[in-house]
Amino acid sequence: MKKLIGPFIHIIPLTGLPLKGALKDEQLHIIPNGGVLVEGGLILAIGDFKELRKANASAQIEEITSPQVLLPGFIDCHTHICFGGNRAKDYAMRIAGKTYLEIAKSGGGIWDTVTQTRAADEVALVQSLVQRANRHLADGVTAIEVKSGYGLSVEEELKQLRAIKNASAQTKARLIPTCLAAHMVPKDFNGSQAEYLAYVVNDLLPIIKQENLTNRVDIFIEQSAMDTKNALVYLNKANQLGFDITAHADQFTTGGSAVAVEVGAVSADHLEASGENEIGLLASSNTVAVTLPGASLGLGMPYAPARKLLDSGACLAIASDWNPGSAPMGDLLIQAAVMSASEKLSVAEVFAGLTFRAASALKIEYGILGLGMPADMQAYLCADYREILYYQGKLKPNLVWVAGNSHV
Ligand code: NIG
Ligand code: FE
């Protein structure tokens, strides 16, 4: 059954834009009084609403009666929303002056969430993950990457990845899982960093493959987590096993992005500490540079050099990093809008970073409203697309569709 949705005052399909480099708002294609024809969850046609209605007289009509602007659904290509408990205590210490690393050393940090996540049973873990995914969906985020990394043993990482798989069946948001067993060496592991990573390669990754839990592997490359030498060995092995690679890179110190580029990672995420060298490396690679303004806001630290990355020709995506430690807010649109004011990003660059550029970091074909693409879309009650960032994330979508079905 065909369905025609519209008319929208404007449709911004985000088609025909380059994957890399700076963008001007003038490059945005705008369809006035537009409609979207959907069949089987995919976009069959997009264009003038009245013409589409004439040409498809038998199509069911989903009528939009107030002025609304239609965009592709946002894609959050970096989250850690499968976790137990919270870290409000860490946050209070941080705003009172302690650093993320000092808090981690004194018993807070990632290990605290590992303890709370291990204590959570799988049903509770799934339930809280579904709630967070649905909150994101209501905010227009139709595809969400979700990392493990709070289990840090074979059984506990599998528990997290299975929870993500089960949650997928309970939310309309599309969940893309990633294994982050290389988040830190767990405090109860008896051995070196290299030995822990070898244990992950030998004892965990084969089961993940066998159960088809994810084809993506992430690592936290940082002086306080995994060093560049061990990271390189680990990622090459994961590559050989057929996993796509992504990395937490250059968050506090550099080194991670060079490793990411060297192993052909799909993305290098964080980049707050990246300088000219790292920017050049990323710009001349096919690795997507992912900025995580939520972590900068949560830690009270500078943003990644988003403007410079774009001007150098990199593919820049924007993700929330939603996690209980460094980025607890989890509101992708607020974070992107607030960062763009400081980094001086155009609306086109922000929309691209939240949609098709984020999709390329996940190797999925979403994020534009084009023929044959999934009808994952969101509409805002406004007459001008520029209002969406102008309200800095407080204007939320009025309607959100996944595969042509509306959910909000
Ligand atoms: O992306 N940097 C490492 N990992 C997460 C934080 C995880 C946590 O603090 O629980 C991040 O910021
Ligand atoms: Fe992260």
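The following dialogue discusses how several descriptions of this predicted model are justified.

Biologist: What makes His78, His80, His248 and Asp321 the residues that coordinate the iron ion (ligand 2)?

Modeller: A donor is an N, O or S atom within 2.8 Å of the metal. His78, His80 and His248 each offer NE2, and Asp321 offers OD, at 2.1 to 2.2 Å. These values lie within the cut-off, so the atoms count as donors.

Biologist: How are the donor residues of the iron ion (ligand 2) spaced in sequence?

Modeller: The spacing is H-x1-H-x167-H-x72-D. His80 belongs to the loop between β6 (74-76) and α2 (88-95), while His248 belongs to strand β10 (residues 244-249), so this pair ties together parts that are 168 residues apart in sequence.

Biologist: Why are His80 and His248 called buried?

Modeller: Buried means under 20% relative accessible area. His80 has 2%, and His248 has 3%. Both values fall under the cut-off, and therefore both residues are called buried.

Biologist: Which residues come nearest to ligand 1?

Modeller: There are 15 residues around ligand 1, and Arg87, Tyr100, Tyr150, Gln251 and Ser326 come nearest.

Biologist: How do you know that His248, Gln251 and His270 make polar contacts with ligand 1?

Modeller: A polar contact is a pair of N or O atoms within 3.5 Å. A side-chain N or O atom of His248 is 3.0 Å from an oxygen atom of ligand 1. For Gln251, a polar side-chain atom lies 2.8 Å from a nitrogen atom of the ligand. In His270, a side-chain N or O atom is 2.9 Å from an oxygen atom of ligand 1. Each distance is within the cut-off, so each pair is a polar contact.

Biologist: In what order do the eight strands of the open sheet stand?

Modeller: The order is β6-β7-β8-β9-β10-β11-β12-β13, and the pairing is parallel. Strands β6 and β13 (316-318) stand at the edges with a single partner each, so one side of each has no neighbour in the sheet. From one strand to the next, the twist averages 25°.

Biologist: What makes β9 (residues 216-220) and β10 a pair?

Modeller: Two strands pair if there are at least two bridges between them. Strands β9 and β10 have five bridges, in the parallel sense, so the condition is met. Within this pair, Val217 stands opposite Ile245 of β10. Helix α13 (residues 332-343) packs on the sheet and touches β6, β7 (141-147), β12 (288-291) and β13. The direction of α13 makes about 95° with that of β6.

Biologist: Does the same reasoning apply elsewhere, and in what sense do β2 (residues 31-39) and β3 (residues 42-48) pair?

Modeller: Strands β2 and β3 pair in the antiparallel sense over six bridges, and at least two are required, so they also count as a pair. Leu37 has Ala45 in β3 as its bridge partner. The hairpin of these strands has two residues between them, and Gly40 there takes a positive phi near 60°.

Biologist: Why is Lys344 called exposed, and Ala403 partly exposed?

Modeller: Exposed means over 50% relative accessible area, and partly exposed lies between 20% and that value. Lys344 has 57%, so it counts as exposed. Ala403 has 25%, so it counts as partly exposed. Lys344 is in the loop between α13 and α14 (347-354), and Ala403 is in the loop between β15 (399-402) and β16 (405-406). Neither residue is a glycine, yet phi is positive, about 65° for Lys344 and about 50° for Ala403.

Biologist: Is Ser285 buried or exposed?

Modeller: The relative accessible area of Ser285 is 10%, which is under 20%, so this residue is buried. Ser285 lies in the loop between α10 (276-283) and β12. Leaving aside neighbours within four places in sequence, Ser285 is in contact with Lys20 and Val261.

Biologist: What makes the peptide bond from Gly6 to Pro7 a notable detail of backbone geometry?

Modeller: That bond is cis, with omega near 0°. Pro7 lies in strand β1 (residues 3-11).

Key:
Residues are numbered from 1 along each chain as its sequence is written. Chains are lettered from A and ligands numbered from 1 in the order in which they are written. This is a predicted model: local features need pLDDT of at least 70, side-chain atom pairs count only at pLDDT 80 or more; totals for chains, interfaces and linings use all residues. Side-chain values use heavy atoms; hydrogens and water are left out. Donors are N, O and S atoms within 2.8 Å of the metal (3.2 Å for Na, K and Ca); water is not among the atoms, so sites may look incomplete. Helices (H or I, at least four residues) and strands (E, at least two) are DSSP runs, numbered from the N terminus. Buried means under 20% relative accessible area, exposed over 50%, partly exposed in between (1.4 Å probe, protein chains only). Axes are lines fitted to C-alpha atoms, for helices over the stretch in contact, and angles run from 0 to 180 degrees between N-to-C directions. Contact means heavy atoms within 4.5 Å. A residue is near a molecule or strand if one of its heavy atoms lies within 4 Å of it. A polar contact is a pair of N or O atoms within 3.5 Å; within protein, one must be able to donate a hydrogen and the other to accept it, and residues adjacent in sequence count only if both atoms are side-chain atoms.
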